[in-house]
Amino acid sequence: MAMLPSNAGTVPKFVDRLPIPEVLQPIGLKDGEPLYRVRMRQVMQQLHRDFPPTTVWGYEGTYPGPTIVVRRYRPITVQYENELPDTHLFGVDTTIHGAEPFRPQVRTVVHLHDGDQPADADGHPDAWFTPGLRVTGPRFTTNNYRYPNRQRVTTMWYHDHAIGITRLNIYAGLAAFYLLEDEAEEQLGLPSGPFDIPLMFQDRTFTADGSLFYPAAFPGDFFGNINLVNGKVWPFLAVEPRRYRFRLLNAANMRFYNLQLDPPLPMTQIAGDGGFLNRPVPLRELLLAPAERAEVIIDFTGRQGTTFTMTNNARTTYPNGTTPDANTSLVMQFRVARPPSGVDQSRIPEDLPAGPFPRPSEVVKVRDLTLNRRQDHLGRNILLLGIRDLDGRPLPLTWGDSTTEKPLLDTVEIWRLINTTNDTHPIHLHLVRFLILDRQPFDVNRFMTTGELAFTGPAVSAADNEWCLKDTVRANPGEVTRIAVRFVHYPGEFVWHCHMLEHEDYEMMRRMEVQER
Ligand code: C2O
Ligand code: CU
Ligand code: CU
């Protein structure tokens with residue numbers, strides 16, 4: 001059958017089964033603790049029934065990579081090896097800081113997103129290494145990362161973070177799940193085993209020969225015209241008429257997903273980025289910005305014979321851009337087609353083990369940070385993070401500017417994210433988890449011209465499904481978003497950034513120095 005993957009409309013939808021990534025097994029012990037090995041490899045993979053095999057990059061040669069499943073308080077070490085070719089899968093735009101022509105094209109470093117780990121195991125963007133470790137970045141110390149796994153149980157992910165080319169490396173396929181579990185969670189009685197399924201959402205564009213397409217010149221914004229889940233184009237999942245736990249991850253470069261089921265069926269959210277909500281929140285739609293996670297229970301009981309399509313209506317860019325088309329508005333299908341394999345013993349507890357949250361009495365500092373849009377010397381949009389100058393006006397800063405965020409270890413700060421741009425930016429802090437307090441609209445023009453922060457409406461508390469530990473927060477345009485952050489466990493240099501990868505790669509990322517008291 002002749003079919004052009006470049007034309008999304010001609011691609012048959014819901015013809016491939018949803019793949020579920022393998023669980024990675026340790027290769028041995030290191031100092032008595034499990035040792036895992038993750039090799040990055042270029043491989044050919046079938047992303048759709050009718051596509052020729054696509055060249056991708058995969059951890060352990062699969063896209064997405066294998067899932068790492070660990071117990072809380074049981075540290076592991078992961079040995080990362082770069083076995084990629086020396087030439088990048090995509091054109092590397094060398095006008096982007098960190099990707100200058102004198103640097104090797106293929107550089108990788110792995111960040112465990114939401115990981116509570118020391119700075120030298122955090123995957124700093126300058127801690128990259130090339131195939132065979134021949135060249136290493138200025139902050140490289142090791143490619144063996146020890147993860148203490150001491151935080152609350154949650155759905156995490158590991159992905160590439162190399163300076164200036166993160167968008168390309170993740171787009172090529174370098175992303176995977178990392179699940180933290182414990183005994184207390186098992187007592188909750190949530191759907192488990194084959195009924196606990198991770199879903200990684202991404203958008204991609206293909207060329208006519210089935211290759212991944214990404215522009216060689218830095219595009220500013222880039223959205224794919226095809227949705228993939230767990231590395232398959234518009235897949236379907238056959239389910240039993242019972243409850244399922246799904247771990248949803250938006251791993252797209254830039255695309256927001258606002259997910260619904262058609263015909264309508266509630267999704268009950270039980271957890272967000274960094275752990276459980278206080279109580280389950282039933283939702284008709286669920287918004288996920290890049291890097292956000294949500295765990296939901298979907299109850300297919302009594303729905304035998306029904307097919308539910310998961311749809312998306314989030315605008316690109318969010319929230320003021322264009323609505324998804326007939327293709328990007330479709331994500332995947334759930335077919336209640338399998339007979340029940342037994343009695344569904346699972347339940348959704350009324351109370352969930354959320355927190356612990358930072359308390360207002362613990363706050364030692366309020367920090368004002370600005371989100372800004374400028375033009376670069378080539379007339380391109382450049383999005384920047386910054387502080388306020390002496391008059392209170394936004395002072396945009398770049399990756400190269402000296403560090404301004406220097407929180408003290410074991411203290412709580414409130415960060416006010418003052419978004420002067422037209423888009424929502426998912427702001428992510430490494431190392432920590434935080435609580436979203438509220439969002440309040442302000443007069444952007446007045447702020448830009450006089451430096452006065454004048455609110456134009458009331459502060460609105462975080463949504464019901466945001467009352468959990470978070471590591472990524474949506475900072476909406478024209479709003480001040482307040483988060484309360486506890487800086488714990490490890491001093492050193494970490495980063496915070498917008499998780500839209502095209503923004504992160506092009507200067508919307510800053511260092512953060514956690515200082516010993
Ligand atoms: Cu998900 Cu700095 O990363
Ligand atoms: Cu992170
Ligand atoms: Cu952004």
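1. Cys 498 is buried in this predicted model, because its relative accessibility is 0% and the limit for a buried residue is under 20%. Through its SG atom, Cys 498 coordinates the copper ion (ligand 3), together with His 425 (ND1) and His 503 (ND1). The coordination distances at this ion are 2.0 to 2.2 Å.

2. The donor residues of the copper ion (ligand 3) follow the spacing H-x72-C-x4-H in sequence. His 425 belongs to strand S27 and Cys 498 to strand S32 (residues 492-498), so this pair ties together parts that are 73 residues apart in sequence. His 425 also has a relative accessible area of 0% and is therefore classed as buried.

3. A second copper site should be read alongside the one above. The copper ion (ligand 2) has His 111 and His 428 as its protein donors, each through NE2, at 1.9 Å from the ion. Since His 111 lies in strand S6 and His 428 in strand S27 (residues 425-429), the pair ties together parts that are 317 residues apart in sequence. Both histidines, His 111 and His 428, are buried. Strand S27 thus holds His 428, a donor to ligand 2, as well as His 425, a donor to ligand 3.

4. Strand S6, which carries His 111, is part of an open sheet of four strands with the order S4-S9-S8-S6 and mixed pairing. Strand S4 (68-71) and strand S6 (110-113) form the edges, each pairing on one side only. From one strand to the next, the twist averages 20°. S6 runs antiparallel to strand S8 (residues 154-160), and four bridges join the two. Among the residues involved, His 113 has Trp 157 in S8 as its bridge partner.

5. Another open sheet contains seven strands, ordered S25-S24-S23-S26-S31-S28-S29, again with mixed pairing. At its edges stand strand S25 (394-397) and strand S29 (460-461); each has a single partner strand, so one side of each is left without a neighbour in the sheet.

6. Within the seven-strand sheet, strand S26 deserves separate comment. Strand S26 (residues 411-419) runs parallel to strand S23 (residues 363-375), and eight bridges join them. Val 363 stands opposite Val 412 of S26, and Leu 371 stands opposite Asn 419 of S26. S26 also pairs with strand S31 (residues 479-487), here in the antiparallel sense and over eight bridges. In that pairing, Ile 418 faces Val 480 of S31.

7. How many of the nine residues of S26 are buried? Nine of the nine are, so S26 is largely enclosed by the rest of the structure. In a regular strand, side chains alternate between the two faces of the sheet. In S26, Thr 411, Glu 413, Trp 415, Leu 417 and Asn 419 point one way, while Val 412, Ile 414, Arg 416 and Ile 418 point the other way. The buried set includes the charged residues Glu 413 and Arg 416.

8. The structure holds 24 aromatic pairs. One of them joins Phe 300 and Phe 308: the ring centres are 5.8 Å apart and the planes stand at 45°, so the pair is tilted. Phe 300 and Phe 308 are both buried. The pair of Phe 442 and Phe 447 is edge-to-face, with 5.7 Å from centre to centre and 90° between the planes; these two residues are likewise buried.

9. Phe 300 and Phe 308 also belong to a cluster linked by ring pairs. The other members of this cluster are Phe 195, Tyr 244, Phe 246 and Phe 334.

10. Two arginines are placed over aromatic rings. Arg 335 lies over the face of Phe 236, at 3.9 Å from the ring centre. The charged end of Arg 511 sits over the ring of Trp 399, 4.2 Å from its centre.

11. A search of the whole structure finds zero disulfides. A disulfide is a covalent bond between the sulfur atoms of two cysteines. For Cys 468, the nearest cysteine sulfur is that of Cys 498, 19 Å away. That separation does not meet the cut-off for a disulfide, because the sulfur atoms would have to be within 2.5 Å. Cys 468 counts as buried, as its relative accessibility is 0%.

How values were computed
Residues are numbered from 1 along each chain as its sequence is written. Chains are lettered from A and ligands numbered from 1 in the order in which they are written. This is a predicted model: local features need pLDDT of at least 70, side-chain atom pairs count only at pLDDT 80 or more; totals for chains, interfaces and linings use all residues. Side-chain values use heavy atoms; hydrogens and water are left out. Two strands pair if DSSP finds at least two bridges between them. Axes are lines fitted to C-alpha atoms, for helices over the stretch in contact, and angles run from 0 to 180 degrees between N-to-C directions. Donors are N, O and S atoms within 2.8 Å of the metal (3.2 Å for Na, K and Ca); water is not among the atoms, so sites may look incomplete. Buried means under 20% relative accessible area, exposed over 50%, partly exposed in between (1.4 Å probe, protein chains only). Rings of Phe, Tyr and Trp (its six-membered ring) pair if their centres lie within 6.5 Å; planes under 30 degrees apart count as stacked, over 60 as edge-to-face and the rest as tilted. A charge sits over a ring if NZ of Lys or CZ of Arg is within 6 Å of the ring centre and within 35 degrees of the ring normal.
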